[in-house]
Amino acid sequence: MTDNNSKIDLDRLLKLRLVVARYGEMDSARWWNTGGLLGPKGALLMSRGFPRTHIFAQAGVVLAVARSRCEEVFQHPGATTLWSLPAEIEDQFDSRWGRWLEEINAWGEFFKKLETPPSDLLSALRQLQLISPDQEEVLGRLRRSAEGRAVLLAHKEVLDDELITVLAATFSLGEQGKPAIPYVLLGGSGG
């Protein structure tokens, strides 16, 4: 799986995580207890302590809260989620953080687009050109688990950008205040 994991577009992964994290904030879907931290209030708050890198300080906090809340809502041995990818990918993602800080000016426009709370996750993904019609079509075949806390995508052999996009988009099956955590079982994992 090493060869396939190395092909993950980490910039795209960051964008997908940020859109879902922004949508899940208290001023939108109310899934995690961050009150618009990726919005203008968060920018004002964080820019005091991190004048140059505040957008990534905001992102770091919201991503950590989203990950924690999703783990609280749903855990399955061997599950891969948007917030819990294979260790190799998570290590690459964490290592890339320094480079993103060096390229901070290139990220300003994207973060600016996140300031307004999205009313609909799929619309936000479309607007930011992060989802294709084919990827959206997959969502129509998915259902939440009986208790409503999770959505099993399928058993897949390989994790790629397409699958990560669908993991992010499937969060759209959650409800106000009740996230449904999308997950996939990779390789030969059983249900």
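Which residues of α2 are buried? They are Leu10, Arg12, Leu13, Leu14, Leu16, Arg17, Leu18, Val19, Val20, Ala21, Arg22 and Tyr23. Buried means under 20% relative accessible area, with exposed over 50% and partly exposed in between (1.4 Å probe, protein chains only).

This is a predicted model: local features need pLDDT of at least 70, side-chain atom pairs count only at pLDDT 80 or more, and totals for chains, interfaces and linings use all residues. Residues are numbered from 1 along each chain as its sequence is written, and side-chain values use heavy atoms, leaving out hydrogens and water.

**Two enclosed helices**

Helices (H or I, at least four residues) and strands (E, at least two) are DSSP runs, numbered from the N terminus. Twelve of the 14 residues of α2 are buried, so the rest of the structure largely encloses this helix. For α9, seven of the nine residues are buried, so that helix is largely enclosed too. Contact means heavy atoms within 4.5 Å.

| Helix | Buried residues | Packing partners of the buried residues |
|---|---|---|
| α2 | 12 of 14 residues | α4, α5, α6, α7, α8 and α9 |
| α9 | 7 of 9 residues | including α2, β1, α7, α8, β2 and β3 |

The end C-alpha atoms of α2 are 20 Å apart. That agrees with the span expected at 1.5 Å a residue, 20 Å; the expected span is 1.5 Å times one less than the number of residues. At the start of α2, a side-chain oxygen of Asp9 comes within 3.1 Å of the backbone nitrogen of Asp11. A polar contact is a pair of N or O atoms within 3.5 Å; within protein, one must be able to donate a hydrogen and the other to accept it, and residues adjacent in sequence count only if both atoms are side-chain atoms.

**The core**

A nonpolar core is a set of buried Ala, Val, Leu, Ile, Met, Phe, Trp, Tyr and Cys residues joined through side-chain atoms within 4.5 Å. The largest one has 62 residues. Leu18, Val19, Trp83, Leu125 and Phe171 touch the most other members. The largest share, nine residues, comes from α2. Trp83 touches residues including Arg17, Trp32, Leu63 and Phe171, not counting those up to four places away in sequence.

**The sheet**

Three strands form an open, mixed sheet in the order β1-β3-β2. Two strands pair if DSSP finds at least two bridges between them. β1 and β3 run antiparallel, joined by two bridges. Thr80 stands opposite Val184 in β3. α9 packs on the sheet, touching β1, β2 and β3, and its direction makes about 150° with that of β3. Axes are lines fitted to C-alpha atoms, for helices over the stretch in contact, and angles run from 0 to 180 degrees between N-to-C directions.
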